[in-house]
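Colleague: I'm new to reading structures, so please take one part slowly and tell me what your terms mean.

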Amino acid sequence: MTAFAPEVILLDDDRWDRVLAATRGEAAACFQCGTCTAVCPWGLVAGPTIGVRSVMRQAQLGVDGWAEAAWRCTTCGACEARCPHQVPISDVMLGLRKLAWDEGAVPEGLPSVMWDLHWDGNPWGRPPSRRSAWAAGLDIPHFDPAVHTALLYIGCTASYDRRAQKVARAVAGLLQAANVPFGTLGDDEPCCGDPARSLGNADYLAEMVANNSRQFREAGVTNVVTVSPHCYDTFARHYDSGEGGFQVRHYSQLLRDLVAEGSVAFGGLDGQTVTFHDPCYLARHHDETEAPRAVMASIPGLALNEMSRSRSETLCCGGGGGRMWMETPASDRFAESRAREAAGTGASLLATTCPHCIACLEDGLGLAGARDLKVIDLAELAMLAGPFQPAAATNEGAGQ
Ligand code: SF4
Ligand code: SF4
């Protein structure tokens, strides 16, 4: 019989104070049921699971042991959606990352992402002068508050990534088809701060929010429409929407409204079957699952076959929580499992509404060998369906 050897935990009051301050004491409500560990998608892949329950205990006690787990978290929110005590687990994870920044203990490669943000205004280290290259030939005006009701905010990934640039072009094409008066900030568009936020660098995020808020205020921006759910989340949760601030919508929400008010309709996509992957940053962090479905339902001839894990039960693609800037071994990518699930619906199209999800899902399809399935953004799907302005539509107020 093996002798029981209890683990000795040494408590350090200073350390406890620092952990508590960084996590704002948000792990306090955890009563160690373990539901979070059971539902975390890291349990689906070959690598070790994240001991989420243990991390919450370590955050309560102010002890170490969380470093590896905190950086692997994709902040997908699956755990906190099931937590019986509503512990904001992903915020606790980001708080622990903040502590790691404060103590100079972040994984190799991440400080250079912050330097890219500082010098180039994007986390990809691409030249600011190429930011609006996605719009080549589209004749998109610079935002003017006197004539435009909305600022279309493209975001860093859709500005520079060649695949995601097609999504930006499709979103712009839809707004043009619906005659929405909109403009962009062109090469002057700043990063919203999501890379700093999702990597836990709260101090740098605060600096970016202050600078961007000033720029948007001086430009007369009152309504923002984003391409990415990550930019949407950052603007919605970290920027002022009150006096002098601005309202924000994800483009799928604007498109739903344009369809509902009769400002845009679609020719059709006869015989096409689509399945839909809900991005975590819309479905779980903002409870938005119906806007993209309302758009798809308005496309004549298009059939939707849902995956079993859909809406708030969606499976993370693996690209959130700053994981786009960290290496994930092929055997640990959730998107392969998601691709198999999507292929099982018999659909020929796997639609989503997030540039990060597109990159991960396309990778997942390759890993799963699901060659008959094609990843498509909702905006691209809607453009394929032939958007047009119904004759009765009045353009006045579109996009308000
Ligand atoms: S699900 Fe909530 S209460 Fe249960 S262990 Fe996880 S954080 Fe604690
Ligand atoms: S947010 Fe997602 S990845 Fe992070 S611990 Fe929770 S379930 Fe796991």
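Which domains does the domain assignment of the chain give? After that, I'd like a close look at helix H9 and what surrounds it.

Modeller: First, a bit of housekeeping. Residues are numbered from 1 along each chain as its sequence is written, while chains are lettered from A and ligands numbered from 1 in the order in which they are written. This is a predicted model, so local features need pLDDT of at least 70 and side-chain atom pairs count only at pLDDT 80 or more, while totals for chains, interfaces and linings use all residues.

Now your question: the assignment gives domain 1 (13-102), domain 2 (110-260) and domain 3 (266-384). Such bounds come from an automatic or database domain assignment. Averaged over C-alpha atoms, the centres of domain 2 and domain 3 lie 22 Å apart. Their contact takes 29 residues from domain 2 and 27 residues from domain 3; two residues are in contact if their C-beta atoms, placed from the backbone, lie within 7 Å.

Here's where H9 comes in. Several helices give two or more residues to the side of domain 2 that touches domain 3, among them H7 (110-120), H9 and H13 (251-260). (Helices are DSSP runs of H or I with at least four residues, strands are runs of E with at least two, and both are numbered from the N terminus.) H9 gives the most to that side, with 8 residues. By class, this side of domain 2 has 16 nonpolar, 8 polar and 5 charged residues. Ala, Val, Leu, Ile, Met, Phe, Trp, Tyr, Cys and Pro count as nonpolar, Asp, Glu, Lys and Arg as charged, and the others, Gly among them, as polar.

So what does H9 itself look like? It covers residues 162-177, and its 16 residues should span 22 Å at 1.5 Å a residue. The expected span is 1.5 Å times one less than the number of residues. The end C-alpha atoms of H9 are 23 Å apart, which agrees. Just after H9, Asn179 takes a positive phi of about 60 degrees.

The buried residues of H9 include Arg169, Val171, Leu174 and Leu175. A residue is buried if 20 or more other C-beta atoms lie within 10 Å of its own, exposed if 12 or fewer, and partly exposed in between. Val171 and Leu174 also appear in the largest nonpolar core, which has 121 residues: together with Leu152, Leu361 and Ala382, they touch the most other members. A nonpolar core is a set of buried Ala, Val, Leu, Ile, Met, Phe, Trp, Tyr and Cys residues joined through C-beta atoms within 7 Å. Ala382 touches Leu174, as well as Leu255, Phe266, Val295 and Pro387, leaving out residues up to four places away in sequence.

Further along the chain, Asp188 is in the loop between strand E2 (182-183) and helix H10. Asp188 counts as partly exposed because it has 14 C-beta neighbours inside 10 Å. The C-alpha atoms of Asp188 and Ser132 are separated by 8.7 Å, though the two are 56 residues apart along the chain.

For contrast, try the loop between H6 and H7, where you'll find Val106. Val106 is partly exposed, with 19 other C-beta atoms within 10 Å. Beyond its neighbours within four places in sequence, Val106 is in contact with Ala100, Trp101 and Pro111.
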